[in-house]
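This report introduces a protein structure to a reader who has not met it before. Please keep the sequence and the model at hand while reading.

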Amino acid sequence: MGVPDQLADRMSMAEQHEYLRSRFSRRTMMRGGAVTLGAVVGGAFVPGATARAAVPTRSTAPSAQKVDGRLVAPFGRHLAYGNDARTEMTVSWQVPVAVDKPFIRIGAHPWDLSHRIGAEIRTLYTPAGVGASADHTQYYVHAKLAGLKPGRTYYYGVGHAGFDPAEPHLLGTLGTFTTAPAHKAPFTFTAFGDQGVSYHGLANDALILGQNPAFHLHAGDIAYADPAGAGKTADTGFDARTWDQFLAQTESVAKSVPWMVSYGNHDMEAWYSPNGYGGEEARFTLPDNGPDKKNLPGVYSFVHGNTAVISLDPNDVSFEIPANLGISGGTQTTWFEGRLKKYRAAEDIDFIVVFFHHCAYCTSTAHASEGGVRQEWVPLFEKYQVDLVINGHNHQYERTDVIKGDKVTKKLPIGGTAYPETEGVVYVTAGAAGRSLYAFTAPDSYEGHEHEVDAVASFVNTKDGKVNETVAWSRVRYLNYSFLRVDVTPAPRGHYTTLKVQGIAETGDRIDHFTVARRAK
């Protein structure tokens with residue numbers, strides 16, 4: 001169904017997509033793997049205003065006979081902040097079959113859901129023969145809410161014709177969300193990468209829910225519907241139905257906690273669009289303040305309290321997996337520096353956290369470090385004193401010392417404190433969210449089981465291939481399932497405000513903790 005391997009190895013994802021377009025007729029493409037997206041335009045929640053009516057647009061997806069809406073329950077709810085985390089939220093969900101007139105109800109109390117807003121349907125059709133997929137149509141629904149009040153908890157219910165969450169017998173389907181505060185206040189967020197669908201993924205989700213995070217960061221490789229992860233139409237094993245399982249698995253957290261994703265190599269699903277992100281754009285609605293919505297929909301930023309968070313797309317700079325190498329033409333790095341400059345100068349922002357998939361610094365025997373990230377972004381991390389960098393890609397937990405100029409500027413033992421204004425940057429690989437684990441060349445070293453090694457054999461992926469290196473910055477290593485918890489505590493001007501970072505194992509045990517501190521503005 002895809003581009004032959006001998007051609008795909010020499011082609012970018014966009015070139016593979018154009019090859020398919022030129023080789024097959026439109027009708028054949030519909031059967032052979034092109035995305036078919038249909039949409040219904042929805043409205044925004046603005047107090048005192050009425051929502052826009054839903055307007056159907058043309059869909060080339062196979063027509064589906066609608067069933068009685070009373071028999072269809074939404075599932076897979078997941079939230080995302082809009083460009084302004086204080087006033088904007090998107091609620092997304094799935095329905096298993098086509099429905100009429102999807103909507104969301106929202107209010108300040110579960111008994112007062114009088115605001116009814118039309119939602120948008122994005123239909124994603126995957127024909128049989130694309131990877132391991134059966135003929136499968138997925139219906140993703142999105143409702144963008146604006147004009148919300150900062151720091152406010154809202155109740156919501158999602159429905160469609162025949163299924164109204166305001167009816168008494170359906171009140172158990174309601175969810176809640178809380179917008180970001182208007183001013184600096186303490187909060188917690190969590191993070192990991194590389195989850196997929198597994199018992200370990202479920203266990204981590206249960207623990208994360210117990211942390212009561214304001215939001216969660218997923219640093220790429222989200223569902224693993226494409227287990228190959230090379231960004232090729234010739235990848236085998238792809239199964240779009242994996243997303244149905246994944247969104248059902250994460251709903252326990254994501255229905256109430258903004259689940260902010262960044263895209264990794266396994267999220268480049270080459271059949272759907274030239275950049276491989278057509279499927280992701282059907283499933284997620286993320287902030288659209290990035291440099292290039294067409295090519296880089298997973299690049300964006302938002303602010304919560306005193307902390308700015310930036311999501312990057314390392315597929316654009318990856319030498320290891322080059323399917324999308326150079327897709328932005330340098331615009332991502334230019335935009336990124338502009339954001340760093342803006343946030344570092346802002347009076348109400350103390351911390352900058354950056355998350356993305358491929359690791360800047362990691363000693364895993366699988367992927368180790370990405371030279372493209374080191375070349376393009378590490379100098380900017382150091383120039384603008386980024387406070388914390390969170391990665392996935394390697395399926396383990398690893399935390400560095402404080403690094404600047406590729407060298408250790410300060411050893412950071414478990415329980416230590418880093419001062420990014422003068423010392424450098426700390427990098428955390430939190431890629432053990434649920435997929436099978438990788439390996440280290442050095443022994444594990446984590447809280448209560450320290451085994452310090454100051455010379456660890458590893459490698460970095462460069463444009464010329466793998467280059468071996470021996471590193472001194474690998475401070476904490478833990479080869480089991482885990483996630484990251486970060487507690488943000490503001491402080492009065494001139495005093496130290498802190499990020500308290502903890503690595504939490506699937507068992508609930510703490511495997512690492514350290515503090516990042518800087519003087520509050």
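## Basis of the description

Two strands are said to pair if DSSP finds at least two bridges between them. The model described here is predicted.

## Overall composition

The protein chain contains nine helices and 29 strands. Of its 521 residues, 58% are buried. The chain exposes about 19,200 Å², and carbon and sulfur atoms supply 52% of that area.

Contacts that span long stretches of sequence are frequent: among contacts between residues at least 6 apart in sequence, 72% join residues at least 24 apart.

## A seven-stranded sheet

One open sheet is built from seven strands in the order S14-S15-S16-S18-S23-S19-S26, and its pairing is mixed. Strand S14 (300-304) and strand S26 (474-478) stand at the edges; each has a single partner strand, so one side of each is left without a neighbour in the sheet. On average, neighbouring strands of this sheet are turned by 15° against each other, direction ignored.

Within the sheet, strand S19 (residues 397-400) and strand S23 (residues 427-430) pair in the antiparallel sense over three bridges. One of the residues involved is Arg 399, whose bridge partner in S23 is Val 428. Strands of a sheet pair through backbone hydrogen bonds, either parallel or antiparallel.

Helix H7 (residues 331-345) lies across S14, strand S15 (307-311) and strand S16 (351-355). The helix runs at about 175° to S15.

## A hairpin

Strands S24 and S25 form a hairpin with two residues between them. Strand S25 covers residues 465-471, and its antiparallel pairing with S24 extends over seven bridges. Thr 462 has Gly 465 in S25 as its bridge partner.

## Nonpolar cores

In soluble globular proteins, nonpolar side chains tend to be buried together. The largest nonpolar core of this model holds 94 residues, of which Phe 177 and Leu 217 touch the most other members. Leaving aside residues up to four places away in sequence, Phe 177 touches Leu 79, Met 89, Val 91, Ile 106, Leu 145, Leu 148, Arg 152, Thr 153, Tyr 154, Tyr 156 and Ser 256.

Apart from the largest core lies another one of 33 residues, including Phe 336, Ile 349, Val 354 and Leu 380.

## Aromatic pairs

The count of aromatic pairs comes to 23. Phe 192 and Trp 259 form one that is edge-to-face, with 5.8 Å centre to centre and 70° between the planes. Phe 192 belongs to strand S11 (residues 187-192) and Trp 259 to strand S13 (residues 259-262), so the pair ties together parts that are 67 residues apart in sequence. Both Phe 192 and Trp 259 are buried.

Tyr 446 and Tyr 478 also form an edge-to-face pair, at 4.8 Å centre to centre and with 75° between the planes. Tyr 446 lies in the loop between S23 and strand S24 (456-462), whereas Tyr 478 lies in strand S26, so this pair ties together parts that are 32 residues apart in sequence. Tyr 446 and Tyr 478 are both buried. Elsewhere in the list of rings, a cluster is linked by ring pairs among Phe 336, Phe 356, Tyr 361, Trp 377, Phe 381, Tyr 427 and Trp 473.

Technical notes
Residues numbered from 1 in each chain as written. Predicted model: local features only at pLDDT ≥ 70, side-chain atom pairs only at ≥ 80, totals over all residues. Heavy atoms only, no water. Helix = DSSP H or I, 4+ residues; strand = E, 2+ residues; numbered from the N terminus. Axes fitted to C-alpha atoms, helices over the stretch in contact; angles between N-to-C directions. Contact = heavy atoms within 4.5 Å. Core = buried A, V, L, I, M, F, W, Y, C linked by side-chain atoms within 4.5 Å. Buried < 20%, exposed > 50% of the residue type's maximum accessible area, 1.4 Å probe, protein only. Areas by Shrake-Rupley, 256 points an atom, 1.4 Å probe, with all protein chains shown as cover. Phe/Tyr/Trp six-rings, centres within 6.5 Å; stacked < 30°, edge-to-face > 60°.
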